[in-house]
Amino acid sequence: MNTTRAMTALALGGFGIGTTEFATMGLLPQIAETFKIPDYEAGHAISLYAAGVVVGAPLIAVLGAKLPRKGMLIGLMLAVALGNGLSAAAQDKTLLLVARFVAGLPHGAFFGIAAVVAAMLVAPERRGTAVARVMVGLTVANLVGVPLATAAGQQIGWRTAYLAVAVIALVTAAAIAAWVPRVPKVEGASMKGEVRAFGRPTVWFAIFTGMIGFGGMFAVYSYVAPLTTEVAGLPASAVPWMLAVFGLGMTLGATFGGRFVDRSAMGSVFGGLVAVCLILVLFGLTATVPAFMFFFLFLLGFVVQILAAALQIRLMDASPDAPSLASSSNHSSLNVANGAGAWLGGLAIAAGWGYTSTAWVGVALSLAGLAIALASVAYERRALTRETTNQTMAMASAASTAVETQPR
């Protein structure tokens, strides 16, 4: 088995999905101009894509619980090709929003199942690194794919970006068919078993941590194009470079961050959320200086990629008997954060508070995510204390019964 080829195929899928998810943010001005709408209204394309991820990830994971994972990965990439082809062909705003929703449906399920497959191809202690390697495709998309798509969109037209992603998705489907081995199903996997995972409080704590906490990053990143031109005062040609710097941070975070996650997934969650808060505060205070905007976007990309991998492992550990749903749910939660962050950031801009207000919206969301993560640890400690107490009482009761029944 060639693990490197398998990881490459999975990462290529992440590259295509990452490009289509984030390129829209850099192309908002062009999309808005095409349909004669304001930037924040064009931002609904981001929110509808995120809604597709939220709906599709758990639904596909549950319905496909008994299906071969390799076949599901191929089918999901064909769905990515379809959604992006429809996006490129959309002739009015409504059709574009529908197409973006369709394009988002396979997103979370692909990453979720790919993470499970990657984790099964390596030793248990290397799971964090394996998941991070799959996510490298997403980060390289931000480093190369999104800036190129943005530049091409500015010069040729935004539709070319979605057409390019459709082609990448078809190539990925072929690569998965050729390079990814068939992996065994989880013992006893079923629709009912996957759904049962949602009955665990630890799963919900992890989901809400990502859902709220990650919104901080998206509140800012969704409006990186107008932040670059309207706040930092740079020309539109600087937007692809700003996106590339963020992507470089994500790529380095995925490359080296897996080691932190291997050591402590929960520690990486706490550290990531605290770091995001600090970075956004500094971003909001210095955004008018181009050099600082570049620097803090780089740091933001680095940290959030470690945080994403940590949340992925956290969910898989919380639901070992339903890993596909748990892993896919991470991407649902992150795309709720995507949609909510873009929406709340848009509200702040529409209220007349300026583009830098998105940083303060981001700080509030990240702090809320940190509070949820702290609550999850407190819950687990109480649950462990109760379990230990019950076990001690049971042992004491058994010992007492044994003494009473001894012959005198």
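**Salt bridges, helices and buried spots in an all-in-one chain**

At 29% relative accessibility, E380 counts as partly exposed. Here buried stands for under 20% relative accessible area, exposed for over 50%, and partly exposed for what falls in between, using a 1.4 Å probe and protein chains only. The structure is a predicted model, in which local features need pLDDT of at least 70 and side-chain atom pairs count only at pLDDT 80 or more, while totals for chains, interfaces and linings use all residues. Residues are numbered from 1 along each chain as its sequence is written, and side-chain values use heavy atoms, with hydrogens and water left out.

E380 has a partner: its side chain meets that of R314 in a salt bridge, at 2.4 Å from N to O. E380 sits in helix 18 (residues 357-405) and R314 in helix 16, so this pair ties together parts that are 66 residues apart in sequence. Unlike partly exposed E380, R314 is buried, with a relative accessible area of 15%. A salt bridge, for the record, is a side-chain nitrogen of Lys or Arg within 4 Å of a carboxyl oxygen of Asp or Glu. The helices are DSSP runs of H or I with at least four residues, strands are runs of E with at least two, and both are numbered from the N terminus.

How many salt bridges turn up in the whole structure? The search finds two. Besides the E380 and R314 pair, there is one between E41 and K93, whose closest N and O atoms are 2.7 Å apart. Since E41 belongs to helix 3 (residues 39-42) and K93 to helix 6 (residues 93-104), the pair ties together parts that are 52 residues apart in sequence. E41 is partly exposed at 21% relative accessibility, and K93 is partly exposed too, with a relative accessible area of 28%.

Now for the chain as a whole. Its secondary structure adds up to 18 helices and zero strands. The radius of gyration is 22 Å, close to the 22 Å that the globule rule gives for 408 residues, so the chain is as compact as a globular protein of that length. That radius is taken over C-alpha atoms, and the globule rule is 2.2 Å times the number of residues to the power 0.38. Along its principal axes, the C-alpha trace spans about 95 × 50 × 35 Å.

Of the 408 residues, 55% count as buried. A contact means heavy atoms within 4.5 Å. Among contacts with a separation of 6 or more, residues 24 or more positions apart account for 85%. The accessible surface comes to about 16400 Å², and 69% of that belongs to carbon and sulfur atoms. Areas like this come from the Shrake-Rupley method with a 1.4 Å probe, and for residues only the protein chains shown count as cover.

Helix 2 (residues 28-35) shows what burial looks like up close. Its buried residues are L28, Q30, I31, A32 and F35. Which helices help to cover them? The cover includes helix 1 (3-26), helix 3, helix 4 (44-63), helix 6, helix 8 (127-155) and helix 9 (159-179). Just past the end of helix 2 comes K36, with a positive phi of about 60°, a positive value in a residue other than glycine. K36 is part of the loop between helix 2 and helix 3, and at 70% relative accessibility it counts as exposed.

A few single residues round out the picture. A161 is found in helix 9 and is buried at 4% relative accessibility. Leaving aside neighbours within four places in sequence, A161 touches L27 and A149. From A161 to N84 the gap is 77 residues in sequence, yet 8.9 Å in space, C-alpha to C-alpha.

Q305 belongs to helix 16 (residues 290-318). Is Q305 buried or exposed? At 4% relative accessibility, it counts as buried. With neighbours within four places set aside, Q305 is in contact with M135, T139, M250, G253 and A254.

Lastly, I212 has its place in helix 11 (residues 201-213) and is partly exposed, at 25% relative accessibility. I212 and G369 are 157 residues apart in sequence but 5.1 Å apart in space, C-alpha to C-alpha. G369 is one of the contacts of I212 outside its neighbours within four places, along with L365, A368 and I372.
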